[in-house]
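Got your viewer open and a selection box ready? Follow along, one stop at a time.

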Amino acid sequence: MTRITITAVKADVGGFVGHSSVHPELLREAERCVGEAITRGLLVDGKVGSCGDDVNLVLTHEHGVDDKEVHGFAWDTFLAGAEVAKRLHLYGAGQDLLADAFSGNVRGLGPGIAELEIEERPSEPIVVFAADKTEPGAWNLPLYKIFCDPFNTAGLVIDPKMHDGFTLEVFDVIEETRALFACPEELYDLLVYIGTPSRYVISRVFRKHDQEEPVAAASTTRLALIAGRYVGKDDPILVVRCQSGLPALGEVLEPFAYPHLVAGWMRGAHHGPLMPCAVADATPARFDGPPRVVGMGFQLADGKLLGPRDLLGDVSFDRARQLALELADHLRQLGPFEPGRLPPSEMEYTTMPEVNERLADRWHAREEVAVR
Ligand code: F6R
Ligand code: MG
Ligand code: MG
């Protein structure tokens, strides 16, 4: 049986208006590129979508992960989108295309990418989640709930095929190392790390005794770390396989029924609730947010992508949206104070060095200050 690779990749190559959404012409250009790649046989299938100011491509092919040609195609598609963005004077044209020239792999260049090579099951339901105005660590909590929390995933308790648990791979994005955690045995060790989502990011999930085929893969790029300066929030993407011994579709969606707080939002420098929404509503507005997540459901059929079905647009997430808006009200009352604003080490924009330099003479040992 031929193996199929799912490549989900996203980039911000220009916003319409500001950083709020993607212009339809840019999406049409990406669709044209994908259509051509299917015709010339590079891809089995491909779908174009958007979440906030990011274009996402969900591609299927038979070339495996980290394939130079497929990555090159994604890069060229984003470049073509950036050209449209430049022509239309869209905002931040080419924002995520950090490298001057493509070097064979989009990892670390800017676009966020989640890839997994699988043997397609007789029926293969998958969900591709895309989020805007947040960072890859935003998936830590939902992935933990989906694959490790019996209060979220009933199958961990009552499905004999899932009862053993899963193995999670975690990246340290600062040290660029990785570690595996077998759960439930190592849950507490896992949580010591992934509770700091700005540094430790769940990258892949495997069935317990099979480390060949991931059942979930997430993007782990942090643009700010690549560029060494602020170049936009590294909005993440995630692919999760479902059903038949894996978490059911509803178990995969369940964590998004309670919006958790993530880093990002305005200027990548605030905490905000991750609001689940329909693809059509993934258009951050208030304070450039709140951060959004969409869930695109697909059935694979010999590598073809049936869908997407707009899963988080469903009415069962209405209350989560309402709660997210209430949390947003509350956090906004804090203005520039932590924890509304992120701690200094996590802020993507800061005037701290400038202000510190200007006011350097103002700071004295406490006993030296004469009260004026
Ligand atoms: C956050 C984001 C926006 C911008 C903000 C300022 O990820 O994209 O909140 O940071 O709109 O943008 P600039 O500096 O481009 O005016
Ligand atoms: Mg942008
Ligand atoms: Mg974005």
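Start with a pair: select Asp53 and Asp235, and you'll find that both are buried. Keep in mind as you click around that this is a predicted model.

**Stop 1: the magnesium ion (ligand 3)**

Stay with those two residues and bring up ligand 3, a magnesium ion. Its coordinating residues are Asp53, Asp54, Asp132 and Asp235, each through OD, at 2.0 to 2.7 Å. Along the sequence these donors are spaced D-D-x77-D-x102-D. Now colour by secondary structure: Asp53 sits in the loop between E2 and E3, while Asp235 is in the loop between helix H6 (223–227) and strand E10 (237–241). That pair links distant parts of the chain, 182 residues apart.

**Stop 2: across to ligand 2**

Keep Asp53 selected and add ligand 2, also a magnesium ion. Asp53 bridges the two magnesium ions, ligand 2 and ligand 3, which are 4.8 Å apart. Which protein donors does ligand 2 have? They are Asp12 (OD), His19 (ND1) and Asp53 (OD), at 1.9 to 2.2 Å from the ion. Read along the chain, their spacing is D-x6-H-x33-D.

Where do His19 and Asp53 sit in the fold? His19 is in the loop between strand E1 (3–11) and helix H1 (24–39), and Asp53 is in the loop between strand E2 (45–51) and strand E3 (54–61), so the pair ties together parts 34 residues apart in sequence. Switch on a surface: are these two buried or partly exposed? His19 has a relative accessible area of 27%, so it counts as partly exposed. Asp53 comes in at 2%, and since buried means under 20%, it falls on the buried side.

**Stop 3: ligand 1**

Keep His19 on screen and show ligand 1 with its surroundings. There are 11 residues around this ligand, and the closest are His19, Tyr91, Arg267, Asp288 and Tyr349. By type, the shell splits into 5 nonpolar, 2 polar and 4 charged residues.

Try the distance tool on three side chains here:

- His19: one of its side-chain N or O atoms is 3.1 Å from an oxygen atom of ligand 1.
- Tyr91: the distance from an oxygen atom of the ligand to a side-chain N or O atom is 2.8 Å.
- Asp288: here an oxygen atom of ligand 1 and a side-chain N or O atom are 2.5 Å apart.

Then turn on the ligand's own surface: on its own, ligand 1 has 410 Å² of accessible area, and the protein covers 80% of that. His19 has now turned up twice, as a donor to the magnesium ion (ligand 2) and among the closest residues to ligand 1.

**Stop 4: salt bridges**

Time to leave the ligands. Side chains of opposite charge can pair when their charged atoms come close. How many salt bridges does the structure hold? The count is 21.

Select Arg3 and Glu117 to see one of them, with the closest N and O atoms 3.1 Å apart. Arg3 belongs to strand E1 and Glu117 to strand E4 (residues 112–119), so to speak a link between distant parts of the chain, 114 residues apart. Arg3 is partly exposed at 31% relative accessibility, and Glu117 is partly exposed at 26%.

Next, pick Glu124 and Arg121, whose side chains meet in a salt bridge at 2.8 Å, N to O. Glu124 is buried, with a relative accessible area of 0%, and Arg121 is buried too, at 13%.

Now widen the selection: Arg3, Glu117, Glu119, Arg121, Glu124, Glu213 and Arg241 are linked in a network of salt bridges.

One further pair to click is Arg341 with Glu338, joined by a salt bridge of 3.0 Å, N to O. Glu338 has a relative accessible area of 43%, which makes it partly exposed.

**Stop 5: two last selections**

Go to Asn140, in helix H3 (residues 140–148). Asn140 is buried, at 2% relative accessibility, and its side chain reaches the backbone oxygen of Tyr200 at 2.7 Å.

Finish on Ala360, in the segment after helix H9 (352–358). Ala360 counts as partly exposed, at 45% relative accessibility. Draw a line from its C-alpha to that of Thr196: the two are 32 Å apart in space and 164 residues apart in sequence.

Definitions and conventions. Residues numbered from 1 in each chain as written. Chains lettered and ligands numbered in written order. Predicted model: local features only at pLDDT ≥ 70, side-chain atom pairs only at ≥ 80, totals over all residues. Heavy atoms only, no water. Near = heavy atom within 4 Å. Polar contact = N/O pair within 3.5 Å; in protein donor to acceptor, adjacent residues only side chain to side chain. Areas by Shrake-Rupley, 256 points an atom, 1.4 Å probe, with all protein chains shown as cover. Nonpolar A, V, L, I, M, F, W, Y, C, P; charged D, E, K, R; others polar. Donors = N, O, S within 2.8 Å, 3.2 Å for Na, K, Ca; no water. Helix = DSSP H or I, 4+ residues; strand = E, 2+ residues; numbered from the N terminus. Buried < 20%, exposed > 50% of the residue type's maximum accessible area, 1.4 Å probe, protein only. Salt bridge = Lys/Arg side-chain N within 4 Å of Asp/Glu carboxyl O.
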